[in-house]
Structure formats: C-alpha cells, structure tokens
Amino acid sequence: MNYANIARMATNGINFFSDGNGEFDCITQQGSVNIVGGVEIKKPETVEKIKGLVRSPKVREVDGEHIRVTDKLGVFNNAVELKNGYHVIIDGERYVITEARPIRQTSITVAYRPIMRRVSVHG
C-alpha cells in the first residue's frame with residue numbers, strides 16, 4: 001500500500017469538509033516563566049496551525065468515561081504530530097487532547113481523530 005497516497009487523500013478530504021474555517025491553533029508547548037539571576041524570563045507558548053474539522057459527539061458515542069457530552073471529536077491531517085496533552089483552541093475556548101488516536105497501519109500516520117476535553121481553568 002502507498003500510505004503517502006492515502007495520507008494525501010485524507011488531507012484532501014479534510015480540506016474539502018473543513019472549508020476555510022478548518023484551521024485551529026494547537027499549543028504544543030505551554031508557556032512558562034523561568035527565573036535566571038533573579039530576573040523573570042518568559043518562555044512563550046509554541047503554537048502550530050492544524051487543519052481539520054471538529055464536531056460534538058453523538059449521544060450513542062458518549063460513555064461518560066472516554067467520551068463525555070461536552071467533549072469535541074476531531075479529524076486532522078498529519079502535517080503536525082498530535083499528542084495527548086496538547087491544547088487546541090476551538091471557538092475561542094481551550095480543549096486538551098485526551099486521546100490523539102492516530103490513524104495508521106504502519107509507522108506512517110495518515111491522520112488523527114482526537115478526543116478533546118474542555119479545559120476548565122487556563123492560567
């Protein structure tokens with residue numbers, strides 16, 4: 001199988017269904033403050049743009065443990081590696097990826113289907 005071709009087809013499908021609104025900010029590294037010689041040095045967040053689409057779970061998908069009513073489910077291309085713990089900004093609200101769920105048969109990831117949970121407090 002040509003997995004690069006499958007990844008290209010997945011990206012084309014994601015681009016088709018997400019239209020122009022399918023870009024999201026993904027925070028891959030949280031910002032922090034380090035104290036060096038008594039001076040605060042701010043380390044900014046690392047933000048990547050990811051392309052995909054997001055939807056709310058259907059009632060039959062909600063199990064209360066893995067997927068909750070307030071979660072979001074997404075489909076994103078493989079341009080940026082998604083990992084558990086990354087944050088995604090959806091409609092101005094921050095969600096954390098609880099399960100990245102990569103789609104892959106071998107070591108080549110074709111796309112991601114993450115479960116994202118709203119972050120209640122952001123600091």
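Which residue in E6 is the bridge partner of Asp25? In E6, Asp25 has Ile89 as its bridge partner, and this pairing is a convenient place from which to enter the fold. The structure is a predicted model, in which local features need pLDDT of at least 70 and side-chain atom pairs count only at pLDDT 80 or more, while totals for chains, interfaces and linings use all residues. Residues are numbered from 1 along each chain as its sequence is written, and side-chain values use heavy atoms, with hydrogens and water left out.

The secondary structure of the chain consists of one helix and ten strands, where helices (H or I, at least four residues) and strands (E, at least two) are DSSP runs numbered from the N terminus. Read from the N terminus, the order of elements is α-β-β-β-β-β-β-β-β-β-β. Taken along the principal axes, the C-alpha atoms fill a box of roughly 55 × 35 × 30 Å.

Strand E1 (residues 23-29) takes part in two of the pairings described here, two strands being counted as paired if DSSP finds at least two bridges between them. With strand E4 (residues 46-55), E1 runs antiparallel and is joined by six bridges, and within this pairing Gln29 stands opposite Thr46. With strand E6 (residues 87-90), E1 pairs in the antiparallel sense over three bridges, and it is to this second pairing that Asp25 and Ile89 belong.

Thr28, also found in strand E1, shows how parts distant in sequence come together: its C-alpha atom and that of Tyr86 are separated by 5.3 Å, although the two residues are 58 residues apart along the chain. When neighbours within four places in sequence are left aside, Thr28 is in contact (heavy atoms within 4.5 Å) with Thr46, Glu48 and Tyr86. For the chain as a whole, among contacts between residues at least 6 apart in sequence, 53% join residues at least 24 apart.

Strand E10 (residues 115-118) likewise has two partners to consider. Strand E5 (residues 72-77) runs antiparallel to E10 and is joined to it by two bridges, with Leu73 opposite Ile115. Strand E7 (residues 93-99) pairs with E10 in the antiparallel sense over four bridges, and here Glu99 stands opposite Ile115.

The aromatic side chains offer another view. Rings of Phe, Tyr and Trp (its six-membered ring) pair if their centres lie within 6.5 Å, with planes under 30 degrees apart counted as stacked, over 60 as edge-to-face and the rest as tilted; by this rule there are two aromatic pairs. Phe16 and Phe17 form an edge-to-face pair, at 5.1 Å centre to centre and 85 degrees between the planes, and both residues are exposed (over 50% relative accessible area, against under 20% for buried and in between for partly exposed, with a 1.4 Å probe and protein chains only). Phe24 and Phe76 are also edge-to-face, at 5.7 Å centre to centre and 90 degrees between the planes. Because Phe24 lies in strand E1 and Phe76 in strand E5, this pair ties together parts that are 52 residues apart in sequence. Both Phe24 and Phe76 are buried.

Across the 123 residues of the chain, buried residues make up 33%. The chain carries 17 positive and 14 negative side chains, and the centres of the two sets lie 3 Å apart; Lys and Arg count as positive and Asp and Glu as negative, His and the chain ends not being counted, and each charge is placed at NZ of Lys, CZ of Arg, CG of Asp or CD of Glu.
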